[in-house]
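Let's take a walk through this model, stopping wherever side chains, empty space or nucleic acid give us something to look at. Have your viewer open and follow along.

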There are 4 protein chains.
Amino acid sequence: MNYNKVVLVGRLTRDPEVRQTLNGTLVATFTLAVSRPNRSGFEGNDNTDFIRIVTFSKLAEFVQSYLTKGRLILVEGKLRINRWQGNDGQYRTTPEIWADQVVFMDKKNAAVEDTEMVEYDELFEDTENDEPPF
Amino acid sequence: MNYNKVVLVGRLTRDPEVRQTLNGTLVATFTLAVSRPNRSGFEGNDNTDFIRIVTFSKLAEFVQSYLTKGRLILVEGKLRINRWQGNDGQYRTTPEIWADQVVFMDKKNAAVEDTEMVEYDELFEDTENDEPPF
Amino acid sequence: MNYNKVVLVGRLTRDPEVRQTLNGTLVATFTLAVSRPNRSGFEGNDNTDFIRIVTFSKLAEFVQSYLTKGRLILVEGKLRINRWQGNDGQYRTTPEIWADQVVFMDKKNAAVEDTEMVEYDELFEDTENDEPPF
Amino acid sequence: MNYNKVVLVGRLTRDPEVRQTLNGTLVATFTLAVSRPNRSGFEGNDNTDFIRIVTFSKLAEFVQSYLTKGRLILVEGKLRINRWQGNDGQYRTTPEIWADQVVFMDKKNAAVEDTEMVEYDELFEDTENDEPPF
DNA sequence: TTTT
DNA sequence: TTTT
C-alpha cells in the first residue's frame with residue numbers, strides 16, 4: 001500500500017564514480033544539481049539542491065558510458081533515507097535516489113531503464129487494422 | 001530526450017478482462033474511475049475520468065489474480081494515444097495507460113512491477129556498519 | 001482518495017493556439033509530440049504519441065509568450081478524458097492534459113506554474129544558523 | 001530547465017507538529033513511513049524509509065485539522081536537501097519534502113492542494129453540447 | 001565540495 | 001495533420 005517515486009531534472013556536478021559490490025554488481029553514483037525556481041518563476045542558481053543518485057547494473061553501465069559533468073538529465077527513481085551512526089555515536093541521515101531510469105535532456109536521443117525493454121509493439125503487429133482498440 | 005509518466009489512483013469499474021496476443025502474451029485490461037476534486041478541494045463523484053488501463057505478462061497475471069471491481073489502486077505507466085480509422089473513414093483517438101506498476105491502496109500489502117525485482121538490499125549486506133554511505 | 005498526475009517531455013508540433021472562454025479566461029492549447037523509446041532503449045521517431053495540452057490563465061499567457069513549434073518542454077498536469085457525442089450519435093473519447101506546470105528543456109532558465117509562487121525562502125530568513133532543521 | 005517532483009504513499013508515524021514562522025505563516029511537519037516492497041513484490045515492514053514532510057499555510061491547516069498518526073496518505077511535493085553545520089563543525093545533510101498536495105488514501109474523500117482551486121468546469125458551462133472539444 |  |  002506504499003509508493004515512492006521521484007522525478008528530477010538537473011545537471012551532474014562531476015563525472016560519475018563507479019565501483020563494484022562484493023558480489024560484482026556495478027554501482028555508479030553522481031550528484032545532480034537541481035536548482036529551485038525563484039520568485040518570478042524563473043530559475044536562479046542561488047538555490048540549488050545537490051542530490052546524490054545511485055544506479056546499478058545495466059543502468060550503471062549506461063551512466064558510466066554516457067554521463068559526464070555538466071550534462072542535463074532526467075532521473076526517475078525512489079527516495080531512500082539512509083540512517084547511520086557516526087563515530088560520535090550520533091545518528092545521521094543521508095538521502096539518495098536509487099534511479100531506475102535516466103533520460104538525456106541536452107543532446108541526442110537516449111533513454112535507458114534498469115530493466116529489459118518489452119517489445120510491446122511487436123505484440124500487436126497483427127492488429128494493424130481499422131478496428132477500435134476496445 | 002522524451003519522457004512519459006502517469007500516476008493514477010482510482011477504482012476499477014469492473015473486473016479486468018483478460019486475453020492473449022497471437023504470440024501468447026497475456027493482456028489484462030480494465031477501466032479506472034478517477035474522480036476529480038471539486039471546488040472545496042474535496043472529491044465529488046459527479047466528475048470522473050474513466051481511464052483504460054492495459055497490462056502485460058507478469059503484471060497481467062497479477063491483475064487477473066488480485067484486482068476486482070471496486071478495488072482502489074495506484075497505477076503507474078505511460079500514456080498512449082491510439083489513432084485509428086472508423087468504418088465511416090473518420091479518424092478517432094483513444095487514450096490508454098500501459099501500466100508498469102500497480103499498488104493496492106485499500107487492503108493489505110501488495111505492489112507489483114512489470115519487471116524482475118532487483119535484490120538491492122542483498123547487494124549491501126556487507127556494508128552494515130557505521131560508515132557514512134558517501 | 002483519488003489522484004491524477006502526468007509528466008511528459010516532448011516537442012510542440014506547432015505554435016500554440018490561443019482563445020478565450022466566455023468569461024474571459026485565456027486558454028492556450030498545443031500538441032506535444034512524445035516519442036517512445038525503441039527496443040534498444042534509444043529513441044526512434046517511428047513511434048510517437050501526439051498529446052493535446054491545455055493551459056489556462058497565467059500559464060496560458062506564458063505559453064503564448066514563450067512556446068513555439070519545435071521547442072522541447074516538460075509538462076506536468078492531469079489527464080482528462082473528454083467524452084462527447086458526434087453527429088452520428090456515436091460517443092467519442094478524446095484525451096487531453098490540463099497542465100499546471102511547464103518547464104523549458106532546451107534553452108535557458110524558465111519554469112512557470114499555474115499558481116502564485118510562495119516565497120518559502122523568505123519565511124525562514126531568521127533560521128540561517130547552525131541548528132539542525134529538526 | 002530543472003524539475004523536482006516527489007510522490008509518496010505511506011503512513012504518519014505520529015500526529016503532525018505545528019508551529020509558526022516569525023511572520024506568522026503556519027508550518028505543519030510530520031514523518032511519513034514509506035515501506036519498500038520486498039523481493040516477492042509484496043511489502044514487508046522490515047525496510048522502511050522515514051521521510052520528513054513539511055507543509056505551509058492552507059495546506060498546513062489542513063494537515064493540522066485532518067491528519068493523525070497512522071493515517072495512510074499520498075504526498076506530492078519537492079525534495080529539498082538541507083545542509084547545515086553541527087556544533088562539532090561538521091556539515092550534515094537532511095532531506096525533507098516540501099509538500100504541495102496531500103490526499104487521503106484510507107478513508108473518505110479528501111484532497112487538498114496548496115493553491116486556490118481553479119474552477120475549470122465553470123469556465124466551460126457554455127460548451128455542454130455535442131461538439132468535439134477540438 | 002558542487003552543475004549551466 | 002504533426003516535433004527533433
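Before we go looking for holes, here is what counts as one: on a 1 Å grid over the protein atoms alone, a cavity is a set of points where a 1.4 Å probe fits but cannot get out. Keep in mind that this is a predicted model.

With that in hand, how many cavities of 30 Å³ or more does a search of the whole structure find? It turns up two. Let's look into the second largest cavity, which holds about 70 Å³ of space. Its lining is drawn from four chains: β1 (3-12) of chain A, of chain B, of chain C and of chain D each supply at least two residues. On the list are K5(A) and V7(A) from chain A, K5(B), V6(B) and V7(B) from chain B, K5(C), V6(C) and V7(C) from chain C, and K5(D) with V7(D) from chain D. Sort these lining residues by class and you get six nonpolar, four charged and no polar ones.

Two of those lysines turn up again when we switch to charges. K5(A) and K5(B) are linked with E76(A) and E76(B) in a network of salt bridges. Over all chains, the whole structure has 24 salt bridges.

Now zoom in on a single pair in chain A. R71(A) and D106(A) form a salt bridge, with their closest N and O atoms 2.7 Å apart. What does this pair tie together? R71(A) sits in the loop between α1 (57-66) and β5 (72-85), while D106(A) sits in the loop between β6 (91-104) and β7 (111-113), so the bridge connects parts of chain A that are 35 residues apart in sequence. The two partners are not equally accessible: R71(A) counts as buried at 10% relative accessibility, whereas D106(A) is partly exposed at 29%.

Hop over to chain B and you'll find D106(B) in a salt bridge with R71(B), the closest N and O atoms being 2.7 Å apart. Here D106(B) is in the loop between β6 (91-104) and β7 (111-113) and R71(B) in the loop between α1 (57-66) and β5 (72-85), so this pair also ties together parts 35 residues apart in sequence. R71(B) is buried at 10% relative accessibility, and D106(B) is partly exposed at 28%.

Back in chain A, R92(A) pairs with D88(A), and the closest N and O atoms of this salt bridge are 2.4 Å apart. R92(A) is buried at 12% relative accessibility; D88(A) is partly exposed at 43%.

Next, a stop in chain C. T21(C) lies in the loop between β2 (17-20) and β3 (26-37) and is buried, at 8% relative accessibility. Its side chain makes a polar contact with the side chain of N23(C), at 2.7 Å.

Finally, the nucleic acid. Which residues are closest to DNA strand F? Of the 12 residues that surround the strand, the closest are R83(B), R11(C), R14(C), T48(C) and F50(C). Sugar and phosphate make up 46% of the strand's atoms that come within 4 Å of the protein. The side chain of R83(B) has an N or O atom 3.2 Å from a phosphate oxygen. For base oxygens, the corresponding distance is 2.6 Å for the side chain of R14(C) and 3.0 Å for that of T48(C). β4 (43-56) of chain C gives the most to this surface, with three residues. By class, the surface near DNA strand F has four nonpolar, four polar and four charged residues.

Notes:
Residues are numbered from 1 along each chain as its sequence is written. Chains are lettered from A and ligands numbered from 1 in the order in which they are written. This is a predicted model: local features need pLDDT of at least 70, side-chain atom pairs count only at pLDDT 80 or more; totals for chains, interfaces and linings use all residues. Side-chain values use heavy atoms; hydrogens and water are left out. A salt bridge is a side-chain nitrogen of Lys or Arg within 4 Å of a carboxyl oxygen of Asp or Glu. Buried means under 20% relative accessible area, exposed over 50%, partly exposed in between (1.4 Å probe, protein chains only). A polar contact is a pair of N or O atoms within 3.5 Å; within protein, one must be able to donate a hydrogen and the other to accept it, and residues adjacent in sequence count only if both atoms are side-chain atoms. On a 1 Å grid over the protein atoms alone, a cavity is a set of points where a 1.4 Å probe fits but cannot get out, and a pocket is an open set with protein on both sides within 12 Å along at least five of seven lines; lining residues have an atom within 4 Å of a point. Grid points are joined across faces, edges and corners, and a volume is the space filled by probe spheres set on the points. Ala, Val, Leu, Ile, Met, Phe, Trp, Tyr, Cys and Pro count as nonpolar, Asp, Glu, Lys and Arg as charged, and the others, Gly among them, as polar. A residue is near a molecule or strand if one of its heavy atoms lies within 4 Å of it.
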